[in-house]
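Colleague: I have this model open and would love a close look at one part of it. Could you walk me through its charged pairs and what surrounds them?

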Amino acid sequence: MGKDVAKQFLKNDDGNSAGIISLMSFLIITPLGQQKAGAFIPSTWLGASGLFSAMIVGIIAGRAYVYMRQHNWTIKMPAGVPPMVSDTFAALIPSLVIGVFFTLVALAFSVSSFGSFHQMIYSFIQTPLKNIGGSIWAMIFICFLEQLVWFFGIHGTNVIIPIVMPIWMSMDMQNLQAWKAGKPLPNITGYAFFNIVTWSGTALGLILLMLFFAKSKRYKTLGKLAVVPGLFGITEPAIFGTPLVLNFDFFVPFVFNNAVSVAIAYGLTKIGLVARFSGMQSVLGLPIGVIASCGGSVSIIVMQLVLQLVLSPLLWYPWFRMADNRAYAQEQAGTEK
């Protein structure tokens, strides 16, 4: 985080120094565990529980580094000194100042009721956000909002999902840690759940209808062009070729299908018919079924196939049939003329 902040505000800085300072600051505020052999860094705050505090420390350390570099709080070396050496000396004063600051922060929280900065962030920010943003109702709302933005021509995935991604990914990390330890998985929803259930935006169902059931030449041709990319989760040919953007004929399925799939998947997981997701993140571009295997269970693969190959076409069918009949009638009228 600190590295990205520095690269954003400093044109001639690769951000490596800011990244190292951010890591140093994070370790400074992380309380040490004690054993007979000596002190050690516990893994408690190195996983999901420390995600938000790591982000906050990275932003603070990165912005402080940027401020000091912009105001020349640095040690300047002669012009003939290699950049690697001069950059190291330029980061010495920011390292010292930021390190002292976070040392004081760590000392202040060590005598507080929280015991550490991490515990305060977890108590006041991460836990409430998880309870709100990680609920099924929040995910259904995000699905609706994401697709609504898509409908107006804005990439909803890139605009909306980053807001809740830290919450969902922290839940995935909790599931991964439990899965590795052989314990029951604590969360049903998460970023992996969202990605697999809403894979391809459920637009593959529309593509299959075009390919196998379209009467109009327009939609049948589009189905042939879009089916291979669609099987790999690439649905832009269907989104912009239909088009689905600003097309009120497909407003209802385009905006609401993801939310319906998420609700059904949650229900099936809740009652135990489908296993909980391990939290492992899938690789973009994997074909249908293979991407679901990242969930860690055959039942998840079966559920994705049913959602994409059965439920999705059914949800699209009424609106597709009306649009296809209209297109077919227009083609027939054009042929007669």
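How many salt bridges does a search of the whole structure find?

Modeller: Happy to help, and please keep in mind that this is a predicted model. The search of the whole structure gives 2 salt bridges. Side chains of opposite charge can pair when their charged atoms come close.

Let me begin with aspartate 249 and arginine 326, whose closest N and O atoms are 3.0 Å apart. Aspartate 249 sits in the loop between helix 12 (236–241) and helix 13 (251–270), while arginine 326 belongs to helix 14 (residues 298–336), so this pair ties together parts that are 77 residues apart in sequence. As for their surroundings, aspartate 249 has a relative accessible area of 34%, which makes it partly exposed. Arginine 326 is also partly exposed, at 39% relative accessibility.

The other pair joins aspartate 324 to arginine 321, with an N to O distance of 3.1 Å. Here both residues belong to helix 14, 3 residues apart, or about one turn of the helix. An α-helix has 3.6 residues a turn, so residues three or four places apart point the same way. Both aspartate 324 and arginine 321 are buried, whereas aspartate 249 is partly exposed.

The loop residue also leads us to the annotated spans. The unreviewed UniProt entry marks residues 250–271 as a transmembrane region, along with others including 15–33 and 283–311. In the model, residues 250–271 are 91% helix and 0% strand, and the end C-alpha atoms of that span lie 32 Å apart. For residues 15–33, the figures are 74% helix and 5% strand, with the end C-alpha atoms 31 Å apart.

Charged residues turn up again in the second largest pocket, which holds about 150 Å³ of space. Its lining includes Lys11, Asp13, Arg69 and Lys76, and also Leu10, Asn12 and Gln70. By class, that lining has 4 charged, 4 polar and 1 nonpolar residues.

Finally, helix 10 is worth a look for burial. In helix 10 (residues 204–213), 7 of the 10 residues are buried, so the helix is largely enclosed by the rest of the structure. Those buried residues are Leu204, Gly205, Leu206, Ile207, Leu208, Leu209 and Met210.

To come back to your charged pairs: one salt bridge links aspartate 249 with arginine 326, and the other links aspartate 324 with arginine 321.

Definitions and conventions
Residues numbered from 1 in each chain as written. Predicted model: local features only at pLDDT ≥ 70, side-chain atom pairs only at ≥ 80, totals over all residues. Heavy atoms only, no water. UniProt positions renumbered as here; feature names shortened; annotations may be inferred. Helix = DSSP H or I, 4+ residues; strand = E, 2+ residues; numbered from the N terminus. 1 Å grid on protein atoms, 1.4 Å probe; cavity = no way out; pocket = protein on both sides within 12 Å on 5 of 7 lines; lining within 4 Å. Points joined across faces, edges and corners; volume = space filled by probe spheres on them. Nonpolar A, V, L, I, M, F, W, Y, C, P; charged D, E, K, R; others polar. Salt bridge = Lys/Arg side-chain N within 4 Å of Asp/Glu carboxyl O. Buried < 20%, exposed > 50% of the residue type's maximum accessible area, 1.4 Å probe, protein only.
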